[in-house]
Amino acid sequence: MTDLSLFVPGTSLLHRLPAGAKLLGLLALSIVTIWLQSAWQVGAVLALVLVGYAVAGIGPSLVARQVRPLLWFLVVIAGVQVWTSGWQMALTVVGTIVVLVLAAALVTLTTRTTAMADAVVAACRPLRVVGVDPERVGLMIALAMRSVPVVVGIAQDVRDAQRARGVRFAPQAYGVALVVRSLRQATALGDALLARGLDD
Amino acid sequence: MIEVSGVSQVYGAGAARRTVLDGVEVTLSEHRIGVVGSNGSGKSTFARLLNGLVEPTRGTVTVDGLDTVREGRAVRQKVGFCFTDPDSQIVMPTVREDVAFGLRRKGLRGAAADPVVDDALARFGLSALADSPAHTLSGGEKQLLALCSVLITEPDVLVLDEPTTLLDLRNARRIGDVVASLPQQVLLVTHQLDLLAGFDRVLVFDEGRLVHDDAPAGAVDHYRRLMA
Amino acid sequence: MPTAPTTDAVRPSRRPARDLALVAVFVGVIAALGLVPGLQVPGFAVPITLQSMGVVLAGAVLGGRRGFLSVVLFLGLVALGLPLLAGGRGGLSWFASPSAGFLYVWPFVALLVGWLTYRMGAPYKLRWGIPINVLGGMVLMYLGGVAGLMVFGKLGFSAAFAALAIYLPGDAVKMVVAALVARGVHAAMPDLLPVHEPVDDAEPVAA
């Protein structure tokens, strides 16, 4: 599934760690950040996360790409914090966000989607007692992954058809055509699931 | 042995009421059976009746004595089904996972399924694509994958609903060759009449009725006259 | 009470497979709507994408239960590392970002919109559909967004709200478009919305 995932192939220690361990580590880190008080502490944790990127062999440009889409929010938040609580507080708050975002992205970049899905299914196993079927969860994840490229293909067809008729982009017509054709696809998929023994 | 007795299929009610199949009565025991008819003739609904995907409004359909409505599950284990559009029947993200999906009903999962899956992929010439995402396959490869995924469960009967309609000539021939080599009983719905060479029996549907039932030559003649 | 004739597609034995397929395929719809290049509105810093409309549509088309599941599954794939959020974003980091409040509230937006839409029942009426979409897709959505900024950005309520206000006009348009799309879809596929007398909670339930 490599062409549909953010995973960066590699053989580093972080790549080889089991997905479950990385997710637990991320959880632990996010709990730690609740107690971070000063900009220095945040800086230390941020340095630790950046070391993680170095270990995984992921370069600065990919690190920057994780944060860039947040810039607008970070600027607003920093501005408000400087104004109300001073620059120290602004650094702490913005730094904590960057730490969490970078750490979470590091897990994503070093873990295959399938390994992550297996970890989720394993994590669901204790939930069996409350009626969650872990296998059904895994099946739904797989089905959804399969459906994304199929529906994206339908979306391209719909766009092309509208362009061929010289229609300017009309969100309403586009939306109706996309959803109706996707629901037809779903009916066919439901038939196929039944034919292939989903009810066994 | 498939027995279709007194089957009618009606959709909707009132003004929207449409009779899709009308009084179909037929027993299917031949090794190779073709089904032809124009668009909307009811042949696709007929195919879906045979594994219980469609439940008859009136009448009954049985496969080796099993009723498709009451024992749908058991029927679907006996009758494999291949659809026209491979994209709607490939249900898993990668080739290997999709082939393995059908083995769940046999209790084969995970690593235990691997040798069976590898074997099937090799037979269909799909080994090199085992870990490819399904959506990166060509149309012909997708239909081969669909066929592979159905046949791995070793059904007694295979029903194919226009499996080559969306394919080019070369890939259509490839699917045709695979189908011809199968040990199973095959029921093939198609517009490509040359695929029916060597078949034992061909059914012709028109406006919801079974209008002709003959050896391929006679049935195809009848169909051509009907379409003229 | 007489309801619509049972077509093959909605027989009880068909429901689990069909519902599973609807939930999975709608994940694709939400993703595809995020791919539409953002409409750049002059004077606004943030491009408007149709993805949040997809979340509202999940409810308005599939109903509360299936819509909720579909959005949860969509977010699940994002968390697993698929770049399905508008603009090709994805991964766990988005659940810790200042805009994460929106993501966390999305399933409940679909649940609320879906529950109300299916209560309204067939035929789909814009005079109900638009307010339902606004209630879920704007009121509830912005409560989530503001709460997220307050938690992850340590902002006060008014500062958080001000930071998000630029999205309001675009979202208002999207809620109307979502209602128009939902009406078109229900007209084309009449067996989704339940036909019922005023009080009849007949939403299809999956096993």
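These legends go with close-up views of a predicted model.

**View 1. Where chain B meets chain A.**
Start with the contact between these two chains in the predicted model. On the chain B side, 29 residues take part, and they touch 23 residues of chain A. Put together, chain B and chain A bury about 2,400 Å² between them. Carbon and sulfur atoms account for 54% of that buried area.

**View 2. Salt bridges and polar contacts between chain B and chain A.**
How many salt bridges link chain B and chain A? The count comes to three. One to zoom in on pairs R146(A) with D87(B). Here the closest N and O atoms sit 2.7 Å apart. On top of that, look for polar contacts across the interface of chain B and chain A: five residue pairs turn up, with both partners at pLDDT 80 or more.

**View 3. The side of chain B that touches chain A.**
Which helices of chain B each bring at least two residues to the side that touches chain A? They are α2 (72-78), α3 (86-89) and α4 (95-101). As for the chemistry of that side of chain B, its residues split into 10 nonpolar, 10 charged and nine polar.

**View 4. Chain C as a whole, before zooming in.**
Chain C is built with seven helices and zero strands, so reading from the N terminus simply gives α-α-α-α-α-α-α. Of the 207 residues in chain C, 57% are buried. Now take the contacts in chain C with a separation of 6 or more: 71% of them join residues 24 or more positions apart. What chain C leaves exposed is about 7,600 Å² of surface, with 72% of it supplied by carbon and sulfur atoms.

**View 5. Q51(C) and its surroundings.**
Next, zoom in on a glutamine in helix α2 of chain C, a helix that covers residues 51-62. Is Q51(C) buried or exposed? Its relative accessibility is 3%, so Q51(C) counts as buried, the cut-off being under 20%. What lies around the residue? Setting aside neighbours within four places in sequence, Q51(C) is in contact with I30(C), A31(C), L33(C) and G34(C), with F74(C), with L84(C), L85(C) and A86(C), and with W106(C).

**View 6. A closer look at Q51(C) and L84(C).**
L84(C) is one of the residues in contact with Q51(C). Follow the side chain of Q51(C) to one of its polar atoms: the backbone oxygen of L84(C) lies 3.0 Å away from that atom.

Note on methods:
Residues numbered from 1 in each chain as written. Chains lettered and ligands numbered in written order. Predicted model: local features only at pLDDT ≥ 70, side-chain atom pairs only at ≥ 80, totals over all residues. Heavy atoms only, no water. Contact = heavy atoms within 4.5 Å. Buried area = accessible area lost by both parts, 1.4 Å probe. Salt bridge = Lys/Arg side-chain N within 4 Å of Asp/Glu carboxyl O. Polar contact = N/O pair within 3.5 Å; in protein donor to acceptor, adjacent residues only side chain to side chain. Helix = DSSP H or I, 4+ residues; strand = E, 2+ residues; numbered from the N terminus. Nonpolar A, V, L, I, M, F, W, Y, C, P; charged D, E, K, R; others polar. Buried < 20%, exposed > 50% of the residue type's maximum accessible area, 1.4 Å probe, protein only. Areas by Shrake-Rupley, 256 points an atom, 1.4 Å probe, with all protein chains shown as cover.
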